[in-house]
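Biologist: Could you go through this model with me, one point at a time? I will ask, and please end each reply on the item I asked for.

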Amino acid sequence: MSFLERIEERPGAAELRAASYRMLGLKRGATCVDVACGAGHAVAELAKKGLKVTGVDADPDAIEAARERAPGAMFHVAHSDELPLEDESMDGYRALRLFHLLEDSAPTVAEAYRVLRPGGRIVLGGQDYGFVLIDSSDQDLTDVIRLGLESRTVSPRATRTLRDVLLDTGFTDVEVAVHTEVVTDYEQMAPQLKSAAEAAVDKALITREDAAGWLREQAGRGRRDRFLAVLPTLLVGGQR
Ligand SMILES: C[S@@+](CC[C@H](N)C(=O)[O-])C[C@H]1O[C@@H](n2cnc3c(N)ncnc32)[C@H](O)[C@@H]1O
């Protein structure tokens, strides 16, 4: 779980979670499910706000970590397209950074519609890998390396389709907001940069030398305080 814990403890992560709660707009005592809850940061925060929260994740280790973080909440190990929840039992549904992992978003969103009561609120979101900006002296090479990163993800551009999927499923008042994280600390992104460059080599998009040169430049930018990455996350909300 340490990877998820690290991501949720990044400076922008708490702000993103707070934006998702504002979009949900739930009052004390409301029921809410956080699907793909990971290590349970959002479940714990929503429980502190007085909501009756249920955390769901397909990974039993995630649920174990989440249970420790939010001992008062309910938890289930389950897949997002088959939730162990009654029809129309939830006032709110939240799922962040899940859809890039799914082949097809529609069954998960249909399941959200089933468990939400009429008038209930949904908030979905995540990064769209097509938008990631990394400054570099060779922007074309950087774009190819970004494609490498996309190739390691099941549905790297799923987030931009969520507005369509919500509307197609029958949700109303669908709104899209962007939360942008600016990263100037190279160390914070170094593992992802390496993984993206390796993926681009594996896909034969670039040579090993290209990758090494690009990574050297990024590390040099880090040392000179010239590293810049911009990571937008889309939040898509609606009403059942
Ligand atoms: C990138 S993490 C996101 C965790 C948290 N929502 C966040 O924003 O930090 C993705 C989580 O989704 C879970 N997951 C992946 N596919 C799932 C599915 N179909 N149903 C439920 N959980 C799933 C993983 O086990 C993992 O905990």
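Biologist: Which residues of α8 are buried?
Modeller: The model is a predicted one, and the cut-off for burial is under 20% relative accessible area. In α8, the residues that meet this are Tyr186, Met189, Ala190, Leu193, Ala196, Ala197, Ala199, Ala200 and Val201.

Biologist: What covers the buried residues of α8?
Modeller: Both helices and strands take part. The helices include α6 (139-151) and α9 (208-223). The strands include β6 (133-134), β7 (172-183) and β8 (229-239).

Biologist: What distance separates the end C-alpha atoms of α8?
Modeller: Helix α8 runs over residues 186-202, which is 17 residues. At 1.5 Å a residue the helix should span 24 Å, and the model agrees with this, because the end C-alpha atoms are 23 Å apart.

Biologist: At which residue does α8 bend?
Modeller: The axis of α8 changes direction by about 30°. The residue at the bend is Gln192.

Biologist: Which residue caps the N-terminal end of α8?
Modeller: The backbone nitrogen of Glu187 has a side-chain oxygen 3.1 Å away. That oxygen, and with it the cap, belongs to Asp185.

Biologist: Is Ser195 of α8 buried, partly exposed or exposed?
Modeller: Ser195 is found in helix α8. Buried requires under 20% and exposed over 50%. The relative accessible area of Ser195 is 22%, so the class is partly exposed.

Biologist: With which side chain does that of Ser195 make a polar contact?
Modeller: Glu86 is 41 Å from Ser195 in space, C-alpha to C-alpha, and 109 residues away in sequence. The polar contact, at 3.2 Å, is with the side chain of Arg152.

Biologist: Which residues does Arg152 contact, leaving aside neighbours within four places in sequence?
Modeller: Arg152 lies in the loop between α6 and α7 and is partly exposed, because its relative accessible area is 43%. Its side chain joins that of Asp202 in a polar contact of 3.1 Å. With neighbours within four places left out, the contacts are Ser195, Glu198, Ala199 and Asp202.

Biologist: What is the phi of Ala204?
Modeller: Most residues other than glycine have a negative phi. Ala204 lies in the loop between α8 and α9, and it is exposed because its relative accessible area is 67%. Although Ala204 is not a glycine, its phi is positive, at about 60°.

Biologist: Which residue in strand β7 has a positive phi near 50°?
Modeller: The residue is not a glycine. At 54% relative accessibility it counts as exposed, because the cut-off is over 50%. Its place is in strand β7, and the residue with this phi is Asp173.

Biologist: Which side chain makes a polar contact with the side chain of Ser136?
Modeller: Ser136 sits in the loop between β6 and α6 and is buried, because its relative accessible area is 8%. Its side chain reaches the backbone nitrogen of Asp138 at 2.9 Å. Contacts beyond four places in sequence include Trp214, Glu217, Gln218 and Arg221. The side-chain partner, at 3.0 Å, is Thr142.

Biologist: Which backbone oxygen does the side chain of Ser20 reach?
Modeller: Ser20 lies in helix α2 (residues 11-24) and counts as buried, because its relative accessibility is 0%. Setting aside neighbours within four places in sequence, Ser20 is in contact with Arg94, Leu96, Val123 and Leu235. The oxygen reached, at 2.6 Å, is that of Arg17.

Biologist: Which residues touch the most other members of the largest nonpolar core?
Modeller: In soluble globular proteins, nonpolar side chains tend to be buried together. The core has 25 residues, and at least two come from each of β1 (31-35), β4 (90-96), α5 (106-115), β5 (116-127) and α7 (162-169). Leu124 touches residues including Tyr93, Phe99, Leu166 and Leu234. The residues that touch the most other members are Val35, Tyr93, Phe99, Ile122, Leu124 and Leu166.

Biologist: Which UniProt annotation covers residues 33-124?
Modeller: The end C-alpha atoms of residues 33-124 lie 12 Å apart, and the span is 30% helix and 32% strand. The annotation comes from an unreviewed UniProt entry and reads "domain: Methyltransferase type".

Key. Residues are numbered from 1 along each chain as its sequence is written. This is a predicted model: local features need pLDDT of at least 70, side-chain atom pairs count only at pLDDT 80 or more; totals for chains, interfaces and linings use all residues. Side-chain values use heavy atoms; hydrogens and water are left out. A nonpolar core is a set of buried Ala, Val, Leu, Ile, Met, Phe, Trp, Tyr and Cys residues joined through side-chain atoms within 4.5 Å. Buried means under 20% relative accessible area, exposed over 50%, partly exposed in between (1.4 Å probe, protein chains only). Helices (H or I, at least four residues) and strands (E, at least two) are DSSP runs, numbered from the N terminus. Contact means heavy atoms within 4.5 Å. UniProt positions are given in the numbering used here, feature names are shortened, and annotations may be inferred rather than shown by experiment. The expected span of a helix is 1.5 Å times one less than its number of residues. The bend at a residue is the angle between axes fitted to the seven residues ending there and the seven starting there. A polar contact is a pair of N or O atoms within 3.5 Å; within protein, one must be able to donate a hydrogen and the other to accept it, and residues adjacent in sequence count only if both atoms are side-chain atoms.
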